[in-house]
Amino acid sequence: MTYRPFFTEGANRPSRWLVTCDHAANTVPPFVNGGSLGLDPADMARHIAYDPGAAGVARALARALDAPCIMTNFSRLVIDPNRGEDDPTLVMKLYDGTIIPANRHVGPADIEQRLNALYRPYHSELARMAARQDDTIIVSIHSFTRQLQGRPPRPWHIGVLYATDDRLTRPLINRMAQETDICVGENEPYGGHLPGDAIARHGIAYQRLNALIELRNDLIVTEDQQAAWAQRLAPMLVEAADHAGARLTPVAAENN
């Protein structure tokens, strides 16, 4: 089977929504160190290699919104598509206490190969799909681990991240705050401002409504859990977009 760096589902679905999953897979392509980063399978199954559960949520959410879904097919440890090309964490050598053997001595030529074979094709597809309509809304689905090594447990069930543009995220956070059984993090467990990331490149730079959603990965282990969260999120996103209709003033584009 020919390797593909990304998958697009529902490319012809008509809605203005576009669902993305930057860290959908823990795949190591065969041209990268023979298809292995030198890590144990247990480490490759951890959050350091991909976002567990996120792909299932993204696919179900896209179906609920009648929207396309774009998902990577390479591990974030091979190269991280949610970083700018000049970001020092583009290829991680150490992550959450784990050394990445195949990345320890990675050089510029290796990184350029990964950019050309993986990173840039994914972003080209994202750019193409985002441009299919004038009013595209981008929703990026991620997941986070409940606890990093040596750190306190994270209390949030879900996080909503944003940078300079909160037209969609502000009403979405307000809507989520009405839910009594979930703890919502605003720009938690990470800040939403990461120059050159996928949302900056394809959302903010084109003044498209956007949101990055982080779900705690122990809550989206099974297909049923993933589907349930997607069904819960879809109407809240639609409601937030309706509210954002009154806040469609342009936002400042960020440098890519």
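Which residue is the bridge partner of Val19 in β3? That would be Cys69. A word on ground rules: this is a predicted model, where local features need pLDDT of at least 70, side-chain atom pairs count only at pLDDT 80 or more, and totals for chains, interfaces and linings use all residues. Residues are numbered from 1 along each chain as its sequence is written, and side-chain values use heavy atoms, leaving out hydrogens and water.

**Strand β2 and its neighbours**

Helices (H or I, at least four residues) and strands (E, at least two) are DSSP runs, numbered from the N terminus. Take β2, residues 17-21: five of its five residues are buried, so the strand is largely enclosed by the rest of the structure. Buried here means under 20% relative accessible area, exposed means over 50%, and partly exposed is in between, with a 1.4 Å probe and protein chains only. Trp17, Val19 and Cys21 point one way from β2, while Leu18 and Thr20 point the other way.

Strands pair if DSSP finds at least two bridges between them, and β2 pairs with these two:

| Partner of β2 | Bridges | Direction | One bridge pair |
|---|---|---|---|
| β3 (residues 69-72) | three | parallel | Val19 with Cys69 |
| β6 (residues 137-144) | four | parallel | Leu18 with Ile138 |

**Helices α4 and α6**

Now for some helix packing. The axes of α4 (residues 169-176) and α6 (residues 223-244) come within 8 Å and cross at roughly 130°. That makes α4 oblique to α6. For reference, angles under 35 degrees count as roughly parallel, over 145 as roughly antiparallel, 65 to 115 as roughly perpendicular and the rest as oblique. Axes are lines fitted to C-alpha atoms, for helices over the stretch in contact, and angles run from 0 to 180 degrees between N-to-C directions.

On the α4 side, the contact (heavy atoms within 4.5 Å) is made by Pro171, Leu172, Arg175 and Met176. From α6 come Leu233, Met236, Leu237, Glu239, Ala240, His243 and Ala244.

**Loop oddities**

The loop between β8 (184-186) and α5 (198-202) holds Pro189, and the peptide bond leading into Pro189 from Glu188 is cis, with omega near 5°. Asn187 sits in the loop between β8 and α5 too. Asn187 isn't a glycine, yet its phi is positive, about 50°; with a relative accessible area of 21%, Asn187 is partly exposed.

Gln207, in the loop between α5 and β9 (210-216), also has a positive phi, near 60°, without being a glycine. Its relative accessibility is 40%, so Gln207 counts as partly exposed.
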